[in-house]
Amino acid sequence: MQDVKVEEQPVAAVEQDERLREAPVVDRALVAQLIGGAREQGLSLDGQGGLLAQLTKLVLESALEGEMTDHLGRGKHERAGAGGDGSSRNGKRAKTVLTQAGPVTIEVPRDRSGSFEPKIVKKRQRRLGSIEDVVLSLSARGMTHGDIAAHLADVYGTEVSKTTISTITDKVLDGMGEWQNRPLDPVYPVVFVDCIHVKVRDGQVANRPIYVVLAVTVDGNRDILGLWAGDGGQGAKYWQQVLTEIKNRGVEDILMLVCDGLKGLPDAVGTIWPDTIVQTCIVHLMRNSFRYSARQDWEAISRALKPVYQAATVEQAEERFLEFQEAWGGKYPAIVRLWSNAWAEFVPFLQFDREIRRIVCTTNAIESVNARIRKAVRARGHFPNEQAALKCVYLAIMALDPTGKGRARWTQRWKGALNAFDIAFDGRLSARRR
């Protein structure tokens with residue numbers, strides 16, 4: 001095999017490159033001089049017309065001039081050479097753009113042929129990306145369009161209409177579509193299905209469910225598979241369409257699916273993934289029980305039901321439930337009926353060890369997500385249509401755990417449970433792992 005010769009840089013050149021990388025781009029002394037001069041003149045650092053706005057204007061205009069020079073192939077006062085398209089500079093036009101330093105009016109150079117396409121501030125662009133990032137971040141944290149407009153006016157001195165803010169947030173719809181159709185993992189140990197109710201003004205304001213499907217990956221990470229809007233009357237046909245969509249995105253197997261007694265979902269799961277165990281969420285079952293009882297009885301009912309879901313076997317759970325029925329069935333028959341109807345989806349987790357039970361018995365996996373979504377939803381009151389509601393929920397999800405610390409804690413918490421899942425389900429987890 002022929003050796004490939006690598007040409008070495010001279011030591012002096014390498015040292016010069018390192019000095020350039022280490023040197024600050026902006027001279028600190030110059031910055032201090034600018035700040036001092038601004039203070040002497042009574043000029044504010046931020047806000048409209050402040051030092052930052054003026055510096056932004058200079059930087060943008062210098063960058064645009066550099067782009068024009070590259071486009072024409074010559075400087076301002078140089079004659080046209082053999083290259084280029086023969087065009088030349090043709091004055092400038094004023095344009096106001098919104099930046100984090102406030103609105104800035106810049107002079108954009110033009111050429112005679114109209115072939116110049118600026119990159120740093122594109123044609124018809126009225127906002128730099130930073131302002132769009134601020135709007136999306138504030139929207140994801142539950143602020144209304146009116147609140148965002150007021151915030152931008154107070155902090156940046158920027159007047160942005162509600163319509164403009166809506167246009168900015170609409171840009172996430174393309175990303176939401178890609179996210180909703182992205183490929184998924186071949187296997188998930190647990191998938192949680194829950195719903196958030198939002199108010200949609202469709203003729204009249206009505207509650208509409210948005211279903212959040214959250215999965216735990218084989219590495220113990222949290223992954224939201226998608227969002228689906230319903231009308232409140234979902235049955236097996238609806239859930240079969242949702243699960244078929246998830247399967248077509250690459251999911252070959254789900255070990256356990258945890259839900260809150262959603263009608264038709266167990267039948268649909270059995271059709272798509274016959275070996276998947278459907279488990280009723282115990283916490284939701286307890287909460288629904290409290291809805292049928294007086295508040296002063298909640299503690300006693302909780303103590304009476306605890307031996308049922310903590311039983312060592314299914315037989316013991318049935319015995320404890322009969323005892324509960326004898327003690328409370330006369331006063332609260334609706335609670336007995338609730339547990340009896342959910343019994344088939346309640347008992348599966350009793351066959352597993354403590355690690356798996358601990359995971360299935362809690363909704364911490366999805367409650368933290370729902371809390372962030374509900375905060376954003378409540379701030380809006382109601383939505384004009386289903387798409388607006390989905391956009392709000394999607395933005396809230398994208399803003400989850402920006403530092404990554406939550407993900408680290410989450411992953412560590414799942415290590416023991418994942419090993420228990422792989423043993424309990426005869427290696428199905430590791431068999432389909434990528």
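I take helices and strands as DSSP runs, with at least four residues for a helix and at least two for a strand. The model I am reading is predicted.

**Entry 1: overall make-up**

I looked up the secondary structure first. The chain holds 19 helices and seven strands. Next I checked burial. Of the 434 residues in the chain, 43% are buried. I then turned to the surface. Its accessible area is about 24200 Å², and carbon and sulfur atoms account for 50% of that. Last came the contacts. I kept pairs at least 6 apart in sequence; 63% of those contacts join residues at least 24 apart.

**Entry 2: cysteines**

How many disulfides are there? I get zero. I followed up on C259, which is in no disulfide. The nearest cysteine sulfur belongs to C281 and lies 8.8 Å away. A disulfide needs the two sulfur atoms within 2.5 Å, so this pair does not count as one.

Is C259 buried or exposed? C259 has 3% relative accessibility, so I log it as buried. I ran the lookup for C281 too. C281 is also at 3% relative accessibility and counts as buried. The cut-off I applied for buried is under 20%.

**Entry 3: a nonpolar patch**

Which residues form a nonpolar patch on the surface? I find L52, L55 and L58. Together they have about 260 Å² of accessible area. I then looked at L52 by itself. L52 sits in helix α3, which covers residues 51-72. Its relative accessible area is 45%. That value falls between the 20% and 50% cut-offs, so I note L52 as partly exposed.

How values were computed:
Residues numbered from 1 in each chain as written. Predicted model: local features only at pLDDT ≥ 70, side-chain atom pairs only at ≥ 80, totals over all residues. Heavy atoms only, no water. Buried < 20%, exposed > 50% of the residue type's maximum accessible area, 1.4 Å probe, protein only. Patch = residues over 30% accessible without salt bridge, like charges linked within 9 Å, V, L, I, M, F, W, Y side chains within 5 Å. Areas by Shrake-Rupley, 256 points an atom, 1.4 Å probe, with all protein chains shown as cover. Salt bridge = Lys/Arg side-chain N within 4 Å of Asp/Glu carboxyl O. Contact = heavy atoms within 4.5 Å.
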